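Me: I should be grateful for a close look at one part of this protein, namely the place where its domains meet. Please describe how that contact is made up.

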Amino acid sequence: MRLLAIETSCDETAVALIQDRGRVEVSYVNSQVHLHRPFGGVVPEVASRAHQEWLPLLVKRALLESGREPSDLDGIAVTRGPGLIGALLVGVSFAKALSLGWGIPWIGINHLEGHLASLDLADPPFDPPYVALLVSGGHTEYLDVSEDWSIRYLGGTHDDAAGEAFDKVASILELGYPGGPAIEKAAREYSGGLHPFPRPMKGREGCDISFSGLKTAVLLAVQAEGGLPANGDTSRWAASFQQAAVEALTDKLQAAADMAGRNRIALVGGVAANGALRESVRALAKRRGWAHGVCPLKYCGDNAAMIGAAAFRALPRESWSPMELEADPRLSLCP
Ligand code: KG4
Ligand code: ZN
C-alpha cells in the first residue's frame, strides 16, 4: 500500500509518499521559519497562507520526482489535529479534495501519534511497548505505549512545553528564533563551569514537570549579573539552562518508565533533535539496562513521513475517515 501524507499543523508544510510500514519514497519539508522570524514566533495567519501556497506545489513535486501517478496511491493521510486551526484546515481540506477528485480514501491522523510513529522510520524500527518522552514546541508528555498501540498519559508539563522553554530562554539570551537549535549551538561552544539552575520538580513523585521556574531563574540570574555579557557571549547561560532542562526531562523519563513498569524507553518530537538530550536518554538506558529508541534526526521536527507512518499504525484498527470528519485544533491523544 502506498500513501500520500500531508502535514500542515504549524509552521512546516510537509508532503511525503510512503509505502508499507516505513519505506519513505519522498519526504519534503518546507520550513516557514524565515516568514515567522521577524515576529519572534509563529503567526497563524501567515502560516495558513504559506501552506495554501506551497501544499499543491509540494504534492505535484512529490508525484513528479517519484514518477508516481495518482492511480498509484491507495489513500491519503493528513494531520487533523492538534495544531493551529487555520493551518490544519488547509491540509485537511486539500486532502479531502484530492480524495474526492482521485477517488481514493483519506484518513485524519493525530499529530502526536505521528511523532510516536517516527520511531517506525528508524533503522531498525523501535516497536512498542515503551514509555516515550514526546517533546516538541507545544507538548512535553510521558506516554505509555502498548503493543496494541493504545496510549496512556503518565505525566507532562504543568506550564510551558520543553521546546517553548528553549525558545523563550533563547529570546532572553538574544540568540534568535527558533531557540532550540540556537541554544544547543551556543551550549556546544562552552566548556567551563555551569550555573547551578534548579532542576524542575526534582524529588517530586510522579513524572510531571514544569519549566516556568527554570525560565524565570535564567532571567533573574542574567539580571543579577547586570544583564547579558557585553561581548555577547551567552554560551555559559545556554549550556547551564540546557543541562538543567535535559537532566530534568531524563530524570522524569526514568520515573515514568518505573511507574509504568517498562524497560523500554523512547524519545520523539522536535526537541528530540537536541544532541545533549539524545545522549542523556541513551545514557539512562545504558545505566538501567533498558532498550531505547530515539527518533532519527531528520524525522524529529514536523514532517509528513511520520504522519504516513502513523496511518500505517492506525489502519489495521481504524477505518478510513468519513468526509464529515473535521480538523480539531485540540485533538487529544488519550480520549
Ligand atoms: O515537533 P516540532 O517541530 O513542532 C511542534 O510540533 O511543536 O518542535 C519544534 C520545537 C521548537 O520549540 C524548537 O525550538 C525545538 O523543537 N527544537 C529544539 C531543537 N531543535 C528544535 N530544541 C532543543 N534543541 C534542538 N536541537
Ligand atoms: Zn510536532
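Reply: In this predicted model, about 1400 Å² of area is buried between domain 1 and domain 2, with carbon and sulfur atoms giving 72% of that area. The size of an interface is often expressed in this way, as the accessible area lost when the parts come together.

The two partners are defined along the chain as follows: domain 1 comprises 2-117 + 300-314, and domain 2 comprises 128-294. Their C-alpha centres are 27 Å apart. To the contact, domain 1 contributes 16 residues and domain 2 contributes 18 residues.

On the side of domain 1, the residues that lose the most area to domain 2 are L116, C300 and R313, which together account for 47% of what that side buries.

As to polar interactions, the count of salt bridges between domain 1 and domain 2 is zero. Three residue pairs, both members at pLDDT 80 or more, are nevertheless in polar contact across the interface of domain 1 and domain 2.

In terms of secondary structure, α1 (33-36) and α4 (111-117) each provide at least two residues of the domain 1 side that touches domain 2. The largest share of this side, five residues, is supplied by α4. Sorted by class, the side of domain 1 that touches domain 2 consists of seven nonpolar, five polar and four charged residues.

Taken together, the contact has 72% of its buried area from carbon and sulfur atoms, zero salt bridges and three residue pairs in polar contact.

Methods: Residues numbered from 1 in each chain as written. Chains lettered and ligands numbered in written order. Predicted model: local features only at pLDDT ≥ 70, side-chain atom pairs only at ≥ 80, totals over all residues. Heavy atoms only, no water. Domains from an automatic or database assignment. Contact = heavy atoms within 4.5 Å. Buried area = accessible area lost by both parts, 1.4 Å probe. Salt bridge = Lys/Arg side-chain N within 4 Å of Asp/Glu carboxyl O. Polar contact = N/O pair within 3.5 Å; in protein donor to acceptor, adjacent residues only side chain to side chain. Helix = DSSP H or I, 4+ residues; strand = E, 2+ residues; numbered from the N terminus. Nonpolar A, V, L, I, M, F, W, Y, C, P; charged D, E, K, R; others polar.
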